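Trainee: I've got a structure to go through and I'd like to know what stands behind the labels people put on it. Can we take it step by step?
Mentor: Sure, let's bring it up.

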Amino acid sequence: MFVLRGVQRHLRFAQRPDLNEKFYKMSGKPEPMAVFSVFQTTFLLALLSLRMYQSQVFSEPLPLAPKSLEISIDSTHQRLHLQWRVHNLAYHRELKMVFQIEISRIKTSNVIWVENYSTTVKWNQVLRWSWESQLPLECTQHFVRMRSGAADAQIPEPRFWGDWTSWEEVAVQSSLGHHPLSVFPKDKLVEEGSNVTVCYVSRSHHNNISCYLEGIQIHGEQLDPNVCVFHLNNVPFIRDTGTNMYCKMDPGGVIKGIVLFVSKVFEEPKDFSCETRDLKTLSCTWDPGKDTGLLTQLSPSYTLFESFSGKKVICTHKSWCDWQAAPDSQEMYNFTLTAGNDLRKRSVHLLFNLTHRVHPMAPFNVLFKNVSPTNAAMTWRVHSIGNYSTLLCQVELYGEGKVIQKQNVSVVANGELLVRNLEPYTEYVAQVRCAHASHFWRWSEWTRDNFTTAEAAPSEAPDVWREVKSVQGHRVVTLFWKPLSKLQAKGKILFYNVVLENLDGPSTMKLLSIPAPANCTELALDHHSYQIHVTANNSVGTSPAAVITLSRDPGNKDVEEARVKGTKDGFSLSWKPQPRDVTGYIVEWCEHPRDPRCDLQWKSLGPNTTSTVVSSDAFRPGVRYNFRIYGISTERIPYLLEKKTGYSQELDGSVCCKYKIDNPKQKTFVVQNLQPASFYEFFLTPYTSAGEGPLGTFTKVTTQDEYSRILIRILVPMILCILLLTILCYLKSQWMKEKCYPDIPDPYKSSVLSLIKSKENPRLTIMNVKDCVPDAIEVINKREGARKSLIETEPTKPTYLHLLPTEKSYPGPGPCICFENFTYNQAASESCGPVPGPPKEQPSQLGLLTSSENVLKALGKTYVNSLGEIPAGETNLNYVSQLASPLCGDKSSLPTNPPEPALCSEYKMQMAIPMGLASPPSITPLDEGAAAHSPCPPRSSGSRCAAHGEQFAQVQSERGRAGRWTLHPGWNFQCQ
Amino acid sequence: LRFPPAAPLCLLTLLLPPLRPGAPISPAEPISQAYSLALYMQKNTSTLLQTYLQYQGSPFSDPGFSAPELQLSSLPPATVSFKTWHALDDGERLGHAQGAFLALTQHLQLVGDDQRDLNPGSPILLAQLGAARLRAQGLLGNMAAIMTALGLPIPPEEDTLGVVAFGASAFERKCRGYVVTREYGHWTDRAVKDLALLKAKYPG
């Protein structure tokens with residue numbers, strides 16, 4: 001908060017006798033001494049005579065000189081406050097006096113202000129007078145003196161003045177210190193458009209001083225060598241943070257300035273108005289207008305003054321104020337709203353009678369009683385005003401958002417109004433507001449509430465139609481009706497009653513009650529004539545009955561179907577007027593003709609109607625709609641009159657095609673490019689130059705599904721391909737065998753064998769038969785050079801020697817070493833795999849668990865071939881180590897049934913694991929115990945696995961995984 | 001008040017060391033911390049001055065405004081001859097800076113109050129003045145830590161403003177704010193040099 005503080009300095013000056021001697025005229029200029037003495041004499045004489053005269057009127061001698069003159073300075077407001085006393089005034093005497101005050105600037109001779117101040121002086125009274133200076137008081141010194149004179153009307157002009165007081169000097173600048181440059185006034189607060197005088201005071205007039213307002217240099221007038229004055233006229237509002245004016249001294253660069261706070265003109269409050277709601281409190285409101293832009297420096301204040309009561313209220317809000325009224329004692333009020341800030345005060349007045357400013361409170365307790373289908377009694381209460389003053393209340397009734405009734409009612413305390421002509425079962429909103437009846441001032445706020453009128457019996461019969469079908473010889477009648485409109489229903493429809501009356505048989509009635517909101521019912525009827533009555537029912541009553549008669553005759557006489565053309569507004573249908581009596585017509589159609597449910601629609605028309613337009617949002621372009629027009633006889637029997645068919649909008653182009661056949665002799669026409677599995681309707685009509693013929697019947701065609709054809713197109717070539725491949729495989733079986741199952745070469749011709757022997761590796765030992773515990777030994781007669789004949793000749797039956805009764809009895813760590821060759825297994829399992837060669841990738845251990853039968857078969861074949869075709873010494877082949885597990889057959893059957901192939905099925909691929917060697921190192925020549933299994937030789941194919949009398953050694957590859965098998969003469973073992 | 005997001009954190013960490021008096025600590029660490037803060041302050045001083053001048057109207061907001069002759073008797077000027085400055089011992093050097101920043105914190109508070117009156121609708125300026133005052137206080141704390149570490153006596157806090165503040169006119173208050181924001185920049189520059197010198201003298 002920025003607060004302006006005026007520093008008041010009370011200065012008391014000693015009276016200066018030298019100045020008292022001097023006489024000043026109004027102009028302030030001293031007269032020459034000669035003239036003065038002449039005047040003095042005259043004056044004294046005149047004064048004497050006057051005293052003589054006055055002594056009869058006043059007891060006191062004149063003039064009474066002002067004494068103890070004190071001057072205080074308000075720098076902020078640039079005011080001088082003078083206060084003095086008049087001595088020698090008699091006790092309890094009052095005297096009218098006039099005081100002449102003179103103010104000089106810079107020097108006493110330069111009088112700038114003379115004023116006569118008249119007042120009534122009492123005994124011992126302190127008199128006050130103040131003067132505002134245009135020039136800031138700091139700019140230069142001022143001098144003040146005064147004298148008194150009698151101001152009695154009885155004393156004629158010219159007055160007789162007393163002596164002047166001595167000049168009192170008012171010098172603010174002496175207390176300003178010794179700044180080289182000062183600018184005044186400080187922090188001046190003015191309204192825009194005012195004139196401001198600014199000055200600078202410099203200690204030395206040798207300096208070059210330039211002054212600027214908002215950055216623009218301004219020029220002033222020199223008051224004295226050290227003081228320069230600037231008159232800023234009509235100052236504008238620039239910003240709320242003030243306008244800078246500063247002066248700069250060169251040399252030295254001293255900057256001194258002031259901030260001029262210019263406010264916008266404080267506006268008069270507008271729309272000042274007072275009103276009461278209860279005759280107790282007056283609420284006065286006004287529009288404060290634009291703010292001054294200097295809210296922090298100039299906060300406005302508002303006060304409310306009432307002249308009759310003399311009361312005053314300081315308003316705490318800037319736009320409203322409350323006043324406690326006295327309705328019993330005071331009727332008239334004269335308000336003055338005074339708005340003011342430091343710069344300006346504004347007042348507005350308002351005179352009124354309290355009872356003419358009544359703004360009633362909103363009515364309350366709005367209730368609706370005795371609500372019938374068409375009437376309701378509305379009651380409400382009002383807040384009383386004074387001594388039961390009458391209020392005028394306005395009631396508005398809204399139905400469906402529109403005002404339907406408006407009435408005025410006079411009310412003292414309780415209002416009541418009977419609202420008539422209402423619709424049953426309808427919601428209404430009623431609102432009421434009130435104003436003072438005798439002195440209208442303002443309506444109260446509305447109070448509103450809603451109510452719903454009671455139900456009444458439905459006024460109209462439902463619109464009923466039927467659809468008759470014949471299902472297995474029975475007549476199935478579907479009865480449709482349309483829900484009643486709100487106006488017709490007059491309440492909530494709860495159920496529909498359908499009464500069947502057999503017209504042919506004995507008069508029997510059958511009642512069906514169908515709960516709402518169902519709009520149809522299905523009836524299975526025999527072939528009698530029936531009259532059907534349909535009524536709609538709400539909680540109050542029943543509607544008139546809709547009657548429809550079903551005759552015994554189905555009435556489906558052949559009626560010619562005519563074509564109609566739909567437009568975007570619908571189908572325009574017309575029919576011939578019926579000669580006989582009809583009570584009305586019905587047009588029926590299916591809203592969704594393609595849908596099996598059809599969605600039957602109908603339109604009831606009066607007896608004098610012969611045309612109608614059927615429109616529906618459900619109508620779609622390119623769909624054919626069929627319309628049937630029925631007449632309703634006086635017996636309420638519908639009979640078919642006409643049939644119409646047509647498209648709401650015919651589609652042209654590819655969707656709904658039209659082909660012109662120019663050749664009249666052409667009897668066939670192929671429609672191409674139809675969609676598969678689609679439904680088409682064809683229609684053929686002749687045309688001449690005059691136009692097209694009548695509409696014929698449509699032929700319905702469903703095109704076939706396309707997928708089966710596509711499937712055939714794909715499947716046939718695939719089967720042919722497979723067949724071709726099979727034949728090719730059969731023809732080239734020999735080649736295939738070579739590629740897939742190459743023969744195993746003769747181990748005896750292996751070059752590796754010789755290599756091992758020549759190296760004499762001590763670690764590489766030939767497996768000793770003694771180290772293993774064979775359970776059977778197969779002795780084979782080797783016939784060198786005659787192997788090829790083995791295939792043709794009867795294979796030699798192997799001889800088995802059972803060495804051990806059981807394997808279990810074998811104690812201790814077995815000297816037997818088992819081998820697995822993974823590589824070969826892979827080749828065996830993938831019977832038509834890659835050409836055997838140096839193994840590339842070792843299959844996983846799981847890959848070994850393949851069907852042993854496959855292995856056997858593969859091995860058997862390969863081995864047979866290899867015997868003859870693969871030259872010995874070929875190392876580029878894999879061998880399978882062969883293990884005839886005791887598990888692969890019944891041990892007891894081993895000797896008795898040796899050639900059982902199944903028994904030899906358990907071949908196990910094995911790795912050579914030398915005794916005591918934890919992991920197979922790289923190139924680990926196998927010791928003597930290391931043995932490999934060879935596949936079953938051809939002759940032993942189907943026989944049990946056995947030691948071949950040949951010894952294999954395994955030379956492991958560097959990676960210790962892939963095994964390339966070389967052959968050693970020795971034994972083939974089978975282990976457990 | 002709004003600060004740059006890093007500022008409060010930075011101040012917090014730098015204010016922490018003086019809370020452990022008595023412990024024999026190396027002067028290198030507080031010097032380094034004070035130096036970091038001074039460098040950070042140096043980046044914002046010219047922005048503060050420009051923001052301040054922009055809100056004061058002519059002549060302050062005029063381009064290139066400078067009034068070196070405007071001084072405040074209550075605020076020691078930062079200008080010193082290089083020779084004198086260089087010859088200062090640690091106690092004098094830190095004492096001068098300590099005194100200046102103590103005066104600056106008080107003056108920045110005064111300028112903040114003045115501007116709240118003169119420019120109530122400029123939160124940016126008020127925030128910057130508030131932030132500058134907090135940083136000056138932070139640097140004071142750091143310097144106290146250095147003096148403790150060097151075993152120098154910490155001068156007592158004085159009321160540098162005295163009774164000068166309240167009679168000033170709006171224009172005088174604008175001038176006063178200008179001198180304070182300007183001297184804050186000068187003293188920060190000098191503090192950076194002072195601390196760089198100390199940093200070289202007491203390497204970590």
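Trainee: What is the mean pLDDT of chain B, and how many of its residues, as a percentage, reach 70 or more?
Mentor: This is a predicted model, and chain B has a mean pLDDT of 86, with 86% of its residues at 70 or more. Over residues 1-23 of chain B, though, the pLDDT is below 50. That stretch still has 24 contacts in the model beyond near neighbours in sequence. For the model as a whole, the scores are ipTM 0.81 and pTM 0.54.

Trainee: On to chain A. How many helices and strands does chain A have?
Mentor: Chain A has 10 helices and 54 strands. Buried residues account for 42% of its 976 residues. As for its contacts between residues at least 6 apart in sequence, 68% join residues at least 24 apart. The exposed area of chain A is about 53,700 Å², and carbon and sulfur atoms supply 54% of that.

Trainee: What makes β30 of chain A a mostly covered strand?
Mentor: The cut-off for buried is under 20% relative accessible area. Eight of the 10 residues in β30(A), residues 427-436, are buried, so "mostly covered" fits.

Trainee: How do you know that β27 and β30 of chain A pair?
Mentor: Two strands need at least two bridges to count as paired. β27(A), residues 391-399, has nine bridges to β30(A), so the pair qualifies, and the two run antiparallel. One partnership in it is A:Cys393 with A:Cys434.

Trainee: And which strand pairs with β30(A) over six bridges?
Mentor: That's β31(A), residues 447-452, again in the antiparallel sense. There, A:Gln431 has A:Arg448 as its bridge partner.

Trainee: Which strands make up the open sheet of five, and in what order?
Mentor: The order is β39-β46-β45-β42-β43 in chain A, and the pairing is mixed.

Trainee: Why are β39 and β43 said to stand at the edges?
Mentor: Each of them, β39 (561-563) and β43 (600-605) of chain A, has a single partner strand, so one side of each has no neighbour in the sheet. Neighbouring strands of this sheet are turned by 25° against each other on average, direction ignored.

Trainee: How many bridges join β42 to β45 in chain A?
Mentor: Seven bridges join β42 (582-590) to β45 (624-633), and these strands run antiparallel. A:Val582, for example, has A:Ser633 as its bridge partner in β45(A).

Trainee: Just past that, why is A:Arg636 called partly exposed?
Mentor: Partly exposed lies between the 20% and 50% cut-offs. A:Arg636 has 31% relative accessibility, so partly exposed is the right label. This residue sits in the loop between β45 and β46 (638-647) of chain A, and its phi is positive, about 65°, although it is not a glycine.

Trainee: What is phi in A:Ile106?
Mentor: Near 70°, a positive value in a residue other than glycine. A:Ile106 is in the loop between β4 (94-105) and β5 (111-122) of chain A. Its relative accessible area is 25%, so this residue also counts as partly exposed.

Trainee: Where are the cis peptide bonds you marked, A:Ala516 to A:Pro517 and B:Ser58 to B:Pro59?
Mentor: A:Pro517 lies in the loop between β35 (509-515) and β36 (520-525) of chain A, and omega for the bond from A:Ala516 is near 5°. B:Pro59 lies in the loop between α2 and α3 (82-87) of chain B, and omega for the bond from B:Ser58 is also near 5°.

Trainee: Which residues touch the most other members of the largest nonpolar core?
Mentor: Among its 56 residues, those are B:Phe101, B:Leu139, B:Tyr178 and B:Tyr184. The elements giving two or more residues are β17 (254-263) of chain A, plus α2 (28-54), α4 (90-118), α5 (123-150) and α6 (170-201) of chain B. α6(B) gives the most, with 12 residues.

Trainee: What is B:Leu139 in contact with, leaving aside neighbours within four places in sequence?
Mentor: Its contacts include B:Ala34, B:Leu37, B:Met41, B:Phe101 and B:Leu195. There's also a second, separate core of 43 residues, with A:Leu279, A:Cys315, A:Cys321 and A:Ala339 among them.

Technical notes. Residues are numbered from 1 along each chain as its sequence is written. Chains are lettered from A and ligands numbered from 1 in the order in which they are written. This is a predicted model: local features need pLDDT of at least 70, side-chain atom pairs count only at pLDDT 80 or more; totals for chains, interfaces and linings use all residues. Side-chain values use heavy atoms; hydrogens and water are left out. Helices (H or I, at least four residues) and strands (E, at least two) are DSSP runs, numbered from the N terminus. Axes are lines fitted to C-alpha atoms, for helices over the stretch in contact, and angles run from 0 to 180 degrees between N-to-C directions. pLDDT is the predictor's confidence in each residue, from 0 to 100. Contact means heavy atoms within 4.5 Å. A nonpolar core is a set of buried Ala, Val, Leu, Ile, Met, Phe, Trp, Tyr and Cys residues joined through side-chain atoms within 4.5 Å. Buried means under 20% relative accessible area, exposed over 50%, partly exposed in between (1.4 Å probe, protein chains only). Accessible areas come from the Shrake-Rupley method with a 1.4 Å probe; for residues, only the protein chains shown count as cover.
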